[in-house]
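Colleague: I am new to this structure and would like help in reading it. Could we take the features one at a time?

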Amino acid sequence: QPHMLVVSDIEDVFLPSPDNLLVNVHESKSLIADLLTDLPKRFAMNGDINCCLGAALQAAYKLMSPVGGRVTVVLTSLPNYGPGALKNREDPNQRAGKDISNIGPANDFYKKLALDCSGQQIAVDLFLLCSQYVDIATVSCISKYSSGGVLYYPGYHRTVGRLQVNKFAGDLKRYLTRRIGFEAVMRVRCTRGLAIHTFHGNFFVRSTDLLSLPNVNPDTGYGMQIAIEESLTEYNSVCFQAAVLYTSSNGERRIRVHTLCLPVVSIVTDVLGGADQETIVGLVSKMAVDRSVTSSLSDARDALINVCVDVLGVFKTTMSGQVAGALMSPYSLRLLPLYILALLKHMAFRTGVSTKLDERVFAMERMKALPLQYLMKFIYPTLYPVHALDDKNAIHQDDDVVIPQPAILQLSSEKLDRHGAYILDTLDVLYLYIGRAINDQFCISVLNVPNFSAIPEDLESLPELATPESERLRTFVTWLQDQRPYYSPLKIIREDSRDRHIFMQYMLDDRTESLFSYYEFLQHIRQQISK
C-alpha cells in the first residue's frame with residue numbers, strides 16, 4: 001500500500017530514499033488509483049495552513065533530475081514557509097489605480113529553480129485553485145522558464161464555486177490526455193538582413209535563437225519580434241523557418257519544420273494592405289505585458305494607443321483624396337482600433353475598475369502564452385443571438401448533425417434585446433444571457449420551465465429536451481466547446497441576476513466610467529493623428 005515518507009528539514013531537502021520513489025504507471029495503476037482515492041481522507045483533519053511549495057519543488061527536482069519529464073503542481077494557498085517563502089504584496093486599495101505595483105516577481109527563487117529544471121529537461125505545470133492571493137507574478141516563474149503552463153481558478157470552492165470546479169475537471173482531463181513532446185528545442189531562422197531580437201512565451205532562451213522546451217504541447221503559443229537590420233532592396237522575398245526537435249511520448253525523436261516566404265515591397269500602401277491585424281494585436285499585447293512589468297501600466301496603455309495612431313497616421317499620409325473629418329484605415333486593418341480598445345479595457349491592462357492583482361497578472365501570463373486564435377477570443381469575445389436559431393447558413397456534418405450559425409453581434413448593450421437570449425463566448429466560459437421579456441415558448445422548449453421568472457439562478461446546463469429549439473442550441477453550444485482545447489463551461493445568467501455585471505463587463509464597445517466607447521475612441525485617434 002502507498003505510504004508517506006516525511007522529510008522534516010525543509011531548509012535542506014533531501015530524498016528519503018535513493019530509489020523506488022518513481023513507479024511505472026502501467027505496472028502500478030491500481031496503487032496510484034488507491035492513493036488518489038485515499039489522499040482526501042488522509043488529510044481531511046489537517047488544520048495546518050502553511051505552504052512550503054519551494055521545498056516540495058526542490059524535492060521534485062531532485063527526484064526527476066535523472067530522467068526529466070513533467071511535474072504537476074496543484075496549489076491552493078500562498079507559499080509562506082521554507083525556501084521561496086512569500087508575503088502578501090497586494091494592496092486592495094490600489095486595485096483600481098492607474099499604476100499597479102508588484103506585477104513583477106518578488107524574488108528570483110522560482111526562476112532559478114526553473115532554470116535548473118530546464119537544464120534537466122523538467123517542466124513544471126501549475127494549477128492554482130485559490131480563493132486568496134497566491135502571488136502568481138512570482139510562483140508562475142517556475143512554469144514560465146521551464147516551458148510549463150499556468151492555469152488559475154479564482155474563487156475555487158468545491159460546493160460554492162461549481163463553475164470553476166467543472167472547468168478544472170475539464171481542463172485536467174485535457175491536460176492528462178493531450179499529446180506531449182519531451183526534451184524539445186525550437187530554432188527560428190530568417191533571411192540575412194533580418195534579425196529576431198525578442199521572444200515571447202514560456203521557455204528558456206539557451207542561445208541567441210535556440211529555445212529550450214523540456215515539454216512542448218499543442219495548447220501553447222509563441223511570439224517573436226523581428227528587426228530589419230540591413231536593406232532588403234536586393235531581395236524579392238524573405239523567408240522565415242521555425243523548427244522544433246522533440247521526443248514523442250512513444251520515444252521517437254522527431255523534427256517539425258514550418259517555412260514562410262513573404263514578398264518584399266517598396267511601397268508603404270502594399271505593406272499596410274498585406275498587414276494581418278490579428279497577428280499585430282497578438283504581438284503588441286505581448287509587448288504591452290513586458291512594458292507593464294519593466295516600466296508601468298500607464299506606459300503600456302499609452303504604447304497601445306500609439307500603435308493605432310502611428311499605423312493609421314502613416315496610412316493617412318499615403319492617401320491623396322481624403323474625406324474631411326474621417327478616420328481612414330486600410331481594409332486589412334479596419335478592426336485594429338477595436339482590438340486596441342478591447343486591450344485597454346481588458347483585465348490585464350484596465351484601470352479605474354477594481355481588479356485583483358492575481359487575476360490581472362494571470363491575464364498577462366495568458367497574453368504571452370495563448371495561441372493566436374484563442375488569444376483573439378480572450379481579447380474580444382464573440383456574441384451570438386440564440387433565441388431564434390434556424391438552419392440558414394448552418395454547417396452540415398457527415399453524421400447528419402446540423403450546426404446553426406447565428407450572426408455575430410457587436411459587443412454593445414444596444415445589441416441586447418430584452419426579448420432575446422444571447423451566448424457570449426469568452427474562451428474560458430460560455431455565458432447564456434436571457435432577457436427578462438423572453439418568449440415563454442423559448443423557456444418551455446429550451447429550459448423546461450414555464451416562463452422567465454421560473455428559470456433557476458443556479459442552472460448549470462441545458463436540459464436535454466426532444467424539441468428542435470433545444471437540440472439546435474445544445475448542438476451549437478457543444479460545437480463552440482469543441483472549438484478549443486480546454487473546457488468552457490456554460491453559465492446561465494438571467495437579466496435580473498446578481499451576476500449580470502459579469503456579462504455586461506464584456507460589452508467592450510460601450511462607454512465605461514474610465515474609458516471611451518468605441519465611437520469616442522475612434523474620434524480620439526483621429527484627433528491624435530490630426531495634431
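Colleague: Which residue forms a salt bridge with R95?

Modeller: A salt bridge is a side-chain nitrogen of Lys or Arg within 4 Å of a carboxyl oxygen of Asp or Glu. Here the partner of R95 is E90, and their closest N and O atoms are 3.0 Å apart. By this rule the count comes to 19 salt bridges.

Colleague: What should I know about the source of these values?

Modeller: This is a predicted model, in which local features need pLDDT of at least 70 and side-chain atom pairs count only at pLDDT 80 or more, while totals for chains, interfaces and linings use all residues. Residues are numbered from 1 along each chain as its sequence is written, and side-chain values use heavy atoms, with hydrogens and water left out.

Colleague: Is E90 buried or exposed?

Modeller: Buried means under 20% relative accessible area, exposed means over 50%, and partly exposed is in between (1.4 Å probe, protein chains only). E90 has 16%, so E90 is buried.

Colleague: Which parts does the salt bridge between D219 and R174 tie together?

Modeller: Helices (H or I, at least four residues) and strands (E, at least two) are DSSP runs, numbered from the N terminus. The side chains of D219 and R174 meet at 2.7 Å, N to O. D219 lies in the loop between β7 (210-216) and β8 (223-228) and R174 in helix α6 (residues 162-177), so the pair ties together parts that are 45 residues apart in sequence. D219 is buried at 8% relative accessibility, whereas R174, at 24%, is partly exposed.

Colleague: And where do D209 and R187 lie?

Modeller: Their side chains meet in a salt bridge of 3.3 Å, N to O. D209 is in the loop between β6 (204-207) and β7, and R187 is in strand β4 (residues 181-190), so this pair ties together parts 22 residues apart in sequence. D209 is partly exposed at 22%, and R187 is partly exposed at 28%. As for shared partners, salt bridges join R174, R178 and D219 into one network.

Colleague: How many residues does the largest nonpolar core have?

Modeller: In soluble globular proteins, nonpolar side chains tend to be buried together. A nonpolar core is a set of buried Ala, Val, Leu, Ile, Met, Phe, Trp, Tyr and Cys residues joined through side-chain atoms within 4.5 Å. The largest one here has 88 residues, and F503 is among those with the most contacts inside it. Helix α9 (residues 297-318) gives the most to this core, with 10 residues. A second, separate core of 25 residues includes I403, C443, I455 and L473.

Colleague: What is F503 in contact with, beyond its neighbours within four places in sequence?

Modeller: Contact means heavy atoms within 4.5 Å. With those neighbours left aside, F503 is in contact with L383, L416, L424, Y431, Y433 and I493.

Colleague: Which residues other than glycine have a positive phi?

Modeller: Q121 is one of them, with a phi of about 60°, and N448 has a positive phi near 60°. Q121 lies in the loop between α3 (109-119) and β2 (122-130), and N448 in the loop between α13 (440-447) and α14 (468-481). Q121 is buried, with a relative accessible area of 18%, whereas N448 is exposed, with 53%.
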